[in-house]
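Please open the structure in your viewer and keep the sequence panel visible. This tour proposes a series of selections and states what each one shows.

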Amino acid sequence: MKYWIKWASLYHLAAVSFTALLLAACSHTVQVEGKYPSPVGEQLPLSVGIYLSDDFRNYTYEEDSEDREEWKINTGRAQKNLFETVLGSMFTNTVSLVQYPENLPDNVELVIIPEVRELQFTMPRETRVNIFEVWIKYDMNAYDPKGEQVASWVITAYGKTPTAFLQSQEQALTQAINIALRDAGATLYTGFEKVPELQAFLSGKLRSASLQEFKVKSRKAE
Amino acid sequence: MFKILIVSALIFMSGCTTVVIDEYRRSDGELAAGDSVVILGRRHSSDYETEPDLIACVGRELHNPEMGVNIIPEEEFVDIMYPWFEPRTAPMHVRSLDRLMENEGVRERMEAYGVKYIVWIDGSTETTASAGSISCTISTGGAGCFGFGTWDKESDYEASVWDFRDRELSGKLSADAKGTSYMPAIVIPIPLIARVQNNACKGMAAQLQQFLIPTGGTSS
């Protein structure tokens with residue numbers, strides 16, 4: 001009896017291990033860790049609050065369709081690093097907000113909140129081209145200190161990487177995602193002033209700043 | 001001794017590769033002391049990507065500070081110039097450099113690194129054909145493979161040399177390489193690999209060196 005129990009336990013253990021092995025063989029997990037350089041260029045004269053929600057910081061894309069293998073792609077930490085670095089270099093002053101809209105610091109003129117709308121990827125065997133491709137779409141929202149929306153725009157990022165000898169699918173996909181994130185940063189940086197609503201907001205701020213400067217100078221002259 | 005010879009022969013045996021290099025030169029290279037060269041891959045095409053390892057290989061082959069050729073690694077350059085040399089934002093023509101130089105930060109960094117030439121490499125290496133089959137078996141008596149496989153690879157690269165200071169195209173190089181690899185398998189598979197991309201890299205690097213230092217000596 002004793003032996004029977006032992007054999008039954010071993011049998012179950014083996015069955016569970018085998019099932020776990022099979023499941024693991026079909027599922028892939030990717031944790032994207034990335035450090036991104038600060039953009040080179042002039043800073044915009046604004047004090048900006050950056051709010052990255054918990055969903056954004058821990059974003060994980062899960063692919064669970066019948067046609068594909070199971071994928072779990074976590075880009076949260078990498079995109080947090082990217083947005084903090086790029087937005088942090090774009091403006092003369094930036095504040096990382098732990099919560100929004102509560103406890104907004106007085107000096108903040110604009111609050112920027114990014115959200116992931118979509119992530120897509122293709123593998124070489126699906127496209128018959130020897131490259132891994134990734135697309136990420138971000139919804140960008142900007143609010144004034146009163147909480148009213150100033151602008152809403154979309155950033156589309158693309159990254160690809162060629163298949164390389166002795167490189168796993170996970171490594172290749174991580175590389176493609178990092179390239180896509182760099183592209184997102186480039187689009188954010190170069191496209192910010194091209195958004196009409198932000199352009200108007202910036203010129204309004206510059207006008208009022210120069211008006212204040214003029215008033216200060218006039219008072220001094222008096 | 002005989003065994004060592006066989007092993008050495010297997011290591012050094014490889015498929016044949018032919019490399020054709022063409023050059024169009026508008027002006028001779030003139031690298032002064034402290035000048036640097038940047039080698040970058042074009043990554044804007046949707047159906048292929050210039051391999052980062054090819055760019056690194058050309059850079060490694062060319063880098064020779066004793067001869068006055070100082071190469072800035074691609075990754076380092078792209079990072080210090082972020083985001084102006086990303087696939088989406090990189091200048092496609094020499095004349096676009098003028099607009100980029102209006103950015104004071106970019107201009108200062110370019111000057112600090114002493115960039116004289118920017119070499120853009122565009123192209124890729126692809127497997128064009130393959131044939132044959134190899135089957136392997138594992139049994140209680142042992143394991144072994146039997147069969148024959150062959151595949152052709154083609155490299156097609158074009159390098160454009162931009163004179164950053166004079167804002168002009170100094171010339172263009174192209175490297176076309178073809179090679180066939182073989183893999184006979186009688187118990188053990190013996191790969192005879194044609195190093196097509198590597199040979200294209202070496203050919204291109206040698207030609208670029210002649211381009212940048214025409215006399216082949218140390219620049220002043």
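The stops below move from a contact between chains to a pair of helices and then to a single residue.

**The contact between the chains**

The model is predicted. Select chain A and chain B together: 16 residues of chain B are in contact with 16 residues of chain A. Next, select residues 104-112 of chain B, which form helix 5 of that chain; with three residues, this helix supplies the largest share of the side of chain B that touches chain A. Colour that side by class, and six nonpolar, three polar and seven charged residues appear.

**Two helices of chain A**

Now select helix 3 (residues 76-90) and helix 5 (residues 169-191) of chain A. How are they arranged, and at what angle do they pack? Their axes lie 10 Å apart, at an angle of about 25 degrees. Angles under 35 degrees count as roughly parallel, and helix 3 and helix 5 of chain A are therefore roughly parallel to each other. Their crossing is right-handed.

Show the side chains where the two helices meet. Helix 3 of chain A contributes residues including A:Leu82 and A:Val86, and helix 5 of chain A contributes residues including A:Leu181 and A:Leu188. This contact has eight nonpolar, three polar and no charged residues.

**A single residue**

Finally, select A:Gly76, which is found in helix 3 of chain A. Is A:Gly76 buried or exposed? A:Gly76 is buried, because 20 other C-beta atoms lie within 10 Å. Leaving aside neighbours within four places in sequence, A:Gly76 is in contact with A:Phe56, A:Arg57, A:Asn58, A:Tyr59 and A:Thr60.

Note on methods:
Residues are numbered from 1 along each chain as its sequence is written. Chains are lettered from A and ligands numbered from 1 in the order in which they are written. This is a predicted model: local features need pLDDT of at least 70, side-chain atom pairs count only at pLDDT 80 or more; totals for chains, interfaces and linings use all residues. Two residues are in contact if their C-beta atoms, placed from the backbone, lie within 7 Å. Helices (H or I, at least four residues) and strands (E, at least two) are DSSP runs, numbered from the N terminus. Ala, Val, Leu, Ile, Met, Phe, Trp, Tyr, Cys and Pro count as nonpolar, Asp, Glu, Lys and Arg as charged, and the others, Gly among them, as polar. Axes are lines fitted to C-alpha atoms, for helices over the stretch in contact, and angles run from 0 to 180 degrees between N-to-C directions. Angles under 35 degrees count as roughly parallel, over 145 as roughly antiparallel, 65 to 115 as roughly perpendicular and the rest as oblique. A crossing is left-handed if the near helix is turned anticlockwise from the far one by less than a right angle, and right-handed if clockwise. A residue is buried if 20 or more other C-beta atoms lie within 10 Å of its own, exposed if 12 or fewer, and partly exposed in between; C-beta atoms are placed from the backbone.
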